[in-house]
Amino acid sequence: MRRHLSLRQVEAFKAVIEHGTISRAAAALHVSQPAMSKMIASLESDADLELFDRVKGRLAPTQRGMRLYDEIDRIFAGVQQVENAVDAIRREDQGRIAIGVMPALSGSFVQQVTKGFLERHPQAFCVVESRSSPRLAEWLVTRKLDVGLVEPGVDNPYLVSEPLMEHPLVCIMPAGHALAAKSLVRPADLDGLPFVSFTPEGFTGQRVTEMFAEYRVRLNVVLVASMASTLCEFVATGHGISLVHPVMVKAFGERLVARRFEPAIPLNFRICRSRDGRNARLVDDFVAVAHETARRVLTDVDGDGPGGLR
């Protein structure tokens with residue numbers, strides 16, 4: 001008879017997936033390495049599933065293992081939501097706002113917006129969740145979130161959506177790259193060059209792929225990344241060039257060079273809220289601060305100072 005899984009087994013499995021090795025997972029959960037190995041072995045036995053392949057003494061998750069991890073990650077995200085709700089209930093008198101942000105804006109931009117918002121509402125309690133845009137839309141509709149910063153293409157009749165930060169994509173390259181001598185980059189300039197791409201399923205990845213196909217330029221994709229920060233890091237370390245929204249570049253300073261690109265591929269991040277959402281006053285102020293921050297960021301991008309495109 002199959003035994004019921006324990007929460008400790010599930011935690012151990014999640015830790016091994018996220019930390020990559022038994023030893024690092026054991027350190028994260030403050031248990032011994034043999035104890036961690038025993039929990040993983042017992043989990044596979046109790047679940048009657050092969051969750052890991054053993055390759056040269058290391059554990060590599062199987063396809064079934066990754067399917068199980070995806071389910072566990074969703075469950076733990078739900079538990080985190082409960083913990084956040086409990087914390088928020090304790091602080092209801094201070095006001096609470098739940099903010100969702102797509103990965104591309106989850107770094108410096110959302111930090112600047114939240115900082116400006118808290119300067120207006122120092123007693124407010126903010127919860128910031130970074131998820132994909134479709135997931136954020138789902139959470140806005142179910143009122144798990146009050147406001148969301150999302151990519152274009154999110155269309156839901158239950159949401160109010162408005163433009164936040166429209167700007168054409170720019171061509172980025174590592175400092176010292178030959179294309180840095182140009183003030184304007186065109187598709188033909190990228191023909192055959194190593195290219196770091198967003199995942200083809202995403203909105204930006206689709207737009208870029210379509211543009212290259214239209215101009216019959218050979219796209220030499222050497223790496224694919226879903227996170228803008230990861231993509232920019234690969235470019236900064238010399239793995240290739242790419243096309244991104246300029247807001248993603250500023251944090252890399254002089255490690256990245258950005259140049260205008262034609263044909264223009266506009267990318268318009270959006271800010272969304274539920275049509276009948278709660279916390280209307282706080283959400284209104286957060287949206288106002290987001291727009292102010294976006295205008296300031298784009299002014300810096302298009303200006304003559306360091307990091308500007310002129």
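The open sheet of 4 strands in this predicted model has the strand order 8-12-7-11, and its pairing is mixed. At its edges are strand 8, residues 184-185, and strand 11, residues 242-244, each of which pairs on one side only. Strand 8 runs parallel to strand 12, residues 256-261, and 2 bridges join them. Within strand 12, Arg260 is the bridge partner of Leu184. Helix 8, formed by residues 228-236, packs on this sheet, where it touches strand 7 (170-174), strand 11 and strand 12. The direction of helix 8 makes about 50° with that of strand 7.

I turn now to the other sheet. This open sheet is formed by 5 strands in the order 4-3-5-13-6, again with mixed pairing. Its edge strands are strand 4, residues 125-130, and strand 6, residues 159-168, and each pairs on one side only. On average, neighbouring strands here are turned by 20° against each other, direction ignored.

Let us consider strand 3. How many of its 6 residues are buried? The count is 6 of 6. In a regular strand, side chains alternate between the two faces of the sheet. In strand 3 both faces are covered: Arg96, Ala98 and Gly100 are buried on one side, and Ile97, Ile99 and Val101 are buried on the other.

Strand 3 has parallel partners. It is joined to strand 4 by 6 bridges, and the two run parallel; in strand 4, Cys126 is the bridge partner of Ile97. Strand 3 is also joined to strand 5 by 3 bridges, again in parallel, and Gly100 stands opposite Gly148 in strand 5. Together with helix 5, residues 108-120, strands 3 and 4 make a right-handed β-α-β unit.

At the other edge, strand 6 and strand 13, residues 266-274, run antiparallel and are joined by 9 bridges. There, Met165 stands opposite Phe269 in strand 13.

Next, the helix on this sheet. Helix 6 lies across strand 3 (96-101), strand 4, strand 5 (147-150), strand 6 and strand 13, and runs at about 165° to strand 5. Which residues of helix 6, which spans 133-141, are buried? They are Ser133, Leu136, Ala137, Trp139 and Leu140. These residues lie on the same side of helix 6 because they cover an arc of only 165° around the axis. An α-helix has 3.6 residues a turn, so residues three or four places apart point the same way. Just after helix 6, Arg143 takes a positive phi of about 65°.

Two loop residues deserve attention. The first topic is Val154, in the loop between strand 5 and strand 6. Is Val154 buried or exposed? Its relative accessible area is 18%, and since the cut-off for buried is under 20%, Val154 is buried. Leaving aside residues up to four places away in sequence, Val154 touches Ser133 and Ala137, both of which are among the buried residues of helix 6. The C-alpha atoms of Val154 and Phe269 are separated by 10.0 Å, although these residues are 115 residues apart along the chain.

The other loop residue is His245, found between strand 11 and strand 12. His245 is buried, with a relative accessible area of 0%. A polar atom of the His245 side chain lies 3.1 Å from the backbone oxygen of Met165. Not counting residues up to four places away in sequence, His245 touches Met165, Glu166, His167, Leu169, Leu267, Phe269 and Leu298. Among these contacts, Met165 and Phe269 are the residues that stand opposite each other in strands 6 and 13.

Conventions: Residues are numbered from 1 along each chain as its sequence is written. This is a predicted model: local features need pLDDT of at least 70, side-chain atom pairs count only at pLDDT 80 or more; totals for chains, interfaces and linings use all residues. Side-chain values use heavy atoms; hydrogens and water are left out. Two strands pair if DSSP finds at least two bridges between them. Contact means heavy atoms within 4.5 Å. Axes are lines fitted to C-alpha atoms, for helices over the stretch in contact, and angles run from 0 to 180 degrees between N-to-C directions. Buried means under 20% relative accessible area, exposed over 50%, partly exposed in between (1.4 Å probe, protein chains only). The arc is that of the directions from the helix axis to the C-beta atoms. A polar contact is a pair of N or O atoms within 3.5 Å; within protein, one must be able to donate a hydrogen and the other to accept it, and residues adjacent in sequence count only if both atoms are side-chain atoms. A crossover is right-handed if, with the strands pointing away from the viewer, the path from the first strand over the helix to the second runs clockwise.
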